[in-house]
Amino acid sequence: MNMIVLNDGNKIPVLGFGVFTIPNDGPTYDATLAALKSGYRHIDTAAAYFNEEDVGKAVRDSGIAREEIFITSKLWLQDHCYEAAQKGIARSLRKLGMEYIDLYLIHQPYGDVPGAWKALEEAKMEGTLRSIGVSNMTPKIWNRFVPEFDIKPAVNQVEFHPFFQQKELRKIMAQDDVKLEAWYPLGHGNVELLTHSAVTSLAEKYGKNAGQIILRFEVQEGVIALPKSTNPTRIAGNLDLFDFELNDDEMEAMRSLDTGKGMHDPDAPGVAEWLLNAFKIED
């Protein structure tokens, strides 16, 4: 698996396996174990996915050394103050059954983000969190919070796919060498994207499927992609990206697909309130 060096010196696999919306108590365990057996070494979960336990169990049962697997989890919005964030970090460690988490993110950037970030910074210095980052930060939100952080985020995990390439945000993040992680890297199964002629022509040329072409484009853009599936064949297929490379003209053709519009707008009125009421994480 190819690796990217983060701005704190830690390395992260360029492709990860996401478990958003996969249920706990079995399905996430099965999917995570299938991903690890297929060759993934990066698993992305979150407190608000309610499946950290299954991820941790699959890692332990995989037979793969813990240090060879990169685990990401995320702090939920209810824990956005210093003391609550400390408890949230401890909860994630306990549910995962791990002594450390490779990357821990502020999942939704609302409320007392500075207080929560301070707790993440301290946990990083203590070693229980190896890298720390943010998620769903737009340029507006980034400029509100990140300049005040003592430690800059290693990543910002946001919606990213060929139709929404986050060009303004990437310019801001590049100033501190912050890497972009892509949720919905395949456009959440957007048929228009998966059947676009720019994608299908490349799929035919390289003997790949549309998803593999899109993921290859993202990897070559320096984006850390997090595809999700519960289908073992598709899980394995999403890894089959490293035996071909798009040329400069093909990369430009893919970049030209950008519409500048995504499916989720973190700046929209009422989003913070809606998310705060969406989930309640229990100890």
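**Exercise 1. Classify W117 and its ring partner in this predicted model.**

Solution. W117 has a relative accessibility of 1% and therefore counts as buried, since buried means under 20% relative accessible area. F149, at 6% relative accessibility, counts as buried on that criterion. W117 and F149 form an aromatic pair, with 4.5 Å from centre to centre and 15° between the planes; because planes under 30 degrees apart count as stacked, the pair is assigned to the stacked class. In the chain, W117 belongs to helix α4 (residues 113–126), whereas F149 lies in the loop between α5 (139–145) and β8 (155–159), so that the pair links distant parts of the chain, 32 residues apart.

**Exercise 2. Determine which geometry the pair of W76 and F279 has, and which parts of the chain the pair ties together.**

Solution. The structure holds 7 aromatic pairs. In one of them, W76 and F279 are 5.3 Å apart from centre to centre, with 70° between the planes, and the pair is edge-to-face, because planes over 60 degrees apart fall in that class. W76 lies in the loop between β5 (70–75) and α3 (82–96), and F279 in the segment after α12 (271–276), so the pair ties together parts that are 203 residues apart in sequence. As for accessibility, W76 counts as buried at 1%, while F279 counts as partly exposed at 33%. Finally, ring pairs link F50, W76 and F279 into a cluster.

**Exercise 3. Describe the salt bridges of D61 with K57 and of E250 with K205, giving distance, location and accessibility.**

Solution. A search of the whole structure finds 13 salt bridges. The side chains of D61 and K57 meet in one of them at 3.0 Å, N to O; both residues lie in helix α2 (residues 52–61), 4 residues apart, which is about one turn of the helix. D61 is partly exposed, with a relative accessible area of 41%, and K57 is likewise partly exposed, at 40%.

In the bridge between E250 and K205, the closest N and O atoms are 2.5 Å apart. This pair links distant parts of the chain, with E250 in helix α11 (residues 248–255) and K205 in helix α8 (residues 197–206), 45 residues apart. E250 counts as buried at 9% relative accessibility, whereas K205 is exposed, with a relative accessible area of 52%.

**Exercise 4. Which rings lie beneath the charged ends of R130 and R216?**

Solution. The charged end of R130 sits over the ring of Y100, 3.7 Å from its centre. For R216, the ring is that of F244, with the charged end 5.9 Å from the ring centre.

How values were computed
Residues are numbered from 1 along each chain as its sequence is written. This is a predicted model: local features need pLDDT of at least 70, side-chain atom pairs count only at pLDDT 80 or more; totals for chains, interfaces and linings use all residues. Side-chain values use heavy atoms; hydrogens and water are left out. Rings of Phe, Tyr and Trp (its six-membered ring) pair if their centres lie within 6.5 Å; planes under 30 degrees apart count as stacked, over 60 as edge-to-face and the rest as tilted. Helices (H or I, at least four residues) and strands (E, at least two) are DSSP runs, numbered from the N terminus. Buried means under 20% relative accessible area, exposed over 50%, partly exposed in between (1.4 Å probe, protein chains only). A charge sits over a ring if NZ of Lys or CZ of Arg is within 6 Å of the ring centre and within 35 degrees of the ring normal. A salt bridge is a side-chain nitrogen of Lys or Arg within 4 Å of a carboxyl oxygen of Asp or Glu.
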